[in-house]
Amino acid sequence: MLDSLIILALNSQPNPKFLTLFAGFIKVNVSVVRFGFLILMQRPTLAPDGILFQSSNGAGPGNSKIQLELTLAFSNFHSRKKAPILPGISMDPLLQIQDLSVRFNTPEGPARAVDRVSFDLAPGETLGLVGESGCGKSVTALSILGLIPDPPGKIEQGKILFSGKDLVTLAQDQLRRIRGNEISMIFQEPMTSLNPVLTIGRQVMEPLLAHKGLSRSEAEEEAVQWLERVKIPGARSHLSSYPHQLSGGMRQRVMIAMAMAVRPRILLADEPTTALDVTIQAQILSLMLELKKESHSSMLLITHDMGVVAQMVSRVVVMYAGEVVEQARTGDLFQNPSHPYTKGLLKSMPRLKRQKKSEKIRLEEIPGTVPRLTEQIAGCKFFARCPCAFDRCLQKRPALRNVRGDHFARCWLVEAS
Ligand SMILES: Nc1ncnc2c1ncn2[C@@H]1O[C@H](COP(=O)(O)OP(=O)(O)OP(=O)(O)O)[C@@H](O)[C@H]1O
Ligand code: SF4
Ligand SMILES: [Mg+2]
């Protein structure tokens with residue numbers, strides 16, 4: 001519930017200076033009441049607590065920065081209000097991942113896909129999990145549901161605590177009661193995650209019949225409603241369709257409907273909108289936040305898209321080569337990234353505005369590639385790509401160090417600063 005709503009109605013190209021000043025004003029002055037913005041323009045995007053931003057010209061100079069400024073204003077505001085929920089300062093988290101390591105046996109030797117990962121998810125929180133391809137985001141999420149294929153995979157160590165139970169050691173039948181019910185997942189690969197020989201209706205209805213005690217006709221009605229909510233045209237007629245009869249984007253929306261229909265306590269969303277057109281992405285993200293609020297769920301949102309991170313999540317965990325390298329509240333991470341990898345990630349975000357008129361806008365990249373997971377690395381895993389590396393980085397692995405408040409980074413420079 002909002003206590004107040006600020007409406008900016010702009011139907012032409014906004015004056016960037018005005019909006020930047022406006023965002024600054026909000027950041028400095030609004031600290032007591034909850035508030036919202038609604039900027040009436042053309043292209044919708046989302047604020048961290050689900051309030052719709054629309055910008056007049058998504059491609060126009062300055063707008064992405066302005067949206068980010070407004071988003072940061074929101075997340076800073078939320079940061080001031082919420083109790084700390086980072087390692088060591090936890091407030092009854094709903095899910096706690098502690099020192100989790102996952103290994104795959106490969107022909108080249110054992111590969112540690114997840115390496116001593118720890119983080120918490122608080123009730124009602126939306127936490128972002130970001131990092132380059134292959135850094136262990138999906139494997140972390142799959143571990144929560146006990147879906148690591150064994151062999152070749154194995155949870156080597158660690159705990160995943162949910163409602164006082166350790167999911168790592170839980171019996172399969174107990175885990176089945178939680179999976180797709182209290183914790184549900186939108187899988188990264190909708191093409192392969194839907195069963196090709198079962199109809200869409202059967203697949204959406206199955207968790208409702210198995211876990212929610214609905215009759216067939218109730219489950220069917222609920223399934224139709226969810227397919228409509230995720231904007232499947234002619235939802236009822238698709239109950240009898242098979243996955244191959246749907247487009248990639250439609251299959252992804254079916255996955256979203258299946259995961260959300262059970263109203264889970266935790267929604268694991270692994271790149272939930274990658275197969276969707278940009279026009280529908282914002283609607284689906286908005287729907288996910290709406291459901292999250294309705295059901296008081298928490299969400300772990302895995303994404304490559306730092307724009308989605310800025311707008312959707314209140315806290316971010318950054319992974320690199322299987323490790324957590326930084327975690328912080330969203331506003332803090334964007335304004336004060338501390339790990340050189342996070343700095344590189346943020347610099348590689350597309351930028352539309354020049355700092356100076358003469359500047360040529362180039363997409364910056366992080367040189368080099370992620371190390372092979374079979375490599376034994378004694379020191380910092382980012383060493384080979386880091387512009388700030390020094391001797392100690394090669395010799396000893398840095399621990400996750402406190403930058404300030406609830407901001408942590410795994411870098412020797414944090415200690416030195
Ligand atoms: N079944 C498997 N067998 C062997 N290696 C695997 C298996 N599943 C994952 N891996 C390895 O684990 C590492 C982490 O994979 P993961 O899917 O978690 O990456 P990710 O961060 O989700 O990447 P992306 O952003 O591309 O989805 C990768 O190196 C991957 O090759
Ligand atoms: S520990 Fe060293 S190599 Fe690693 S990120 Fe920090 S400065 Fe770079
Ligand atoms: Mg993945």
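**Exercise 1. How many nonpolar, polar and charged residues does the shell around ligand 1 have?**

Solution. The structure is a predicted model, in which local features need pLDDT of at least 70 and side-chain atom pairs count only at pLDDT 80 or more, while totals for chains, interfaces and linings use all residues. Residues are numbered from 1 along each chain as its sequence is written, and chains are lettered from A and ligands numbered from 1 in the order in which they are written.

Begin with the residues themselves: 16 of them surround ligand 1, and the closest are Ala 113, Ser 133, Lys 137, Ser 138 and Val 139, where a residue is near a molecule if its C-beta atom, placed from the backbone, lies within 6 Å of it. Two or more residues of this shell are given by strand 5 (95-106) and by helix 3 (137-144); helices (H or I, at least four residues) and strands (E, at least two) are DSSP runs, numbered from the N terminus. Helix 3 supplies the largest share, 3 residues. Then sort by class, counting Ala, Val, Leu, Ile, Met, Phe, Trp, Tyr, Cys and Pro as nonpolar, Asp, Glu, Lys and Arg as charged, and the others, Gly among them, as polar. The shell around ligand 1 has 7 nonpolar, 8 polar and 1 charged residues.

**Exercise 2. Describe the surroundings of ligand 2 in the same way.**

Solution. There are 13 residues around ligand 2, of which Cys 380, Cys 386, Ala 389, Cys 393 and Cys 411 come nearest. By class, 12 are nonpolar and 1 is polar, with no charged residues.

**Exercise 3. Trace the open sheet of 8 strands and identify its edges.**

Solution. The strand order is 10-11-12-7-13-14-16-15, with mixed pairing; two strands pair if DSSP finds at least two bridges between them. Strand 10 (183-186) and strand 15 (401-404) each have a single partner strand, so one side of each is left without a neighbour in the sheet. Within the sheet, strand 7 (residues 126-130) and strand 13 (residues 315-320) run parallel and are joined by 4 bridges, with Val 130 having Val 318 as its bridge partner in strand 13.

**Exercise 4. Which residues of helix 12 (residues 340-347) are buried, and against which elements do they pack?**

Solution. A residue is buried if 20 or more other C-beta atoms lie within 10 Å of its own. In helix 12, Pro 340, Tyr 341, Thr 342, Gly 344 and Leu 345 are buried. These buried residues pack against helix 10 (306-312), strand 13, strand 14 (323-329) and helix 11 (330-335), contact being defined by C-beta atoms, placed from the backbone, that lie within 7 Å.

Definitions and conventions: A residue is buried if 20 or more other C-beta atoms lie within 10 Å of its own, exposed if 12 or fewer, and partly exposed in between; C-beta atoms are placed from the backbone. Two residues are in contact if their C-beta atoms, placed from the backbone, lie within 7 Å.
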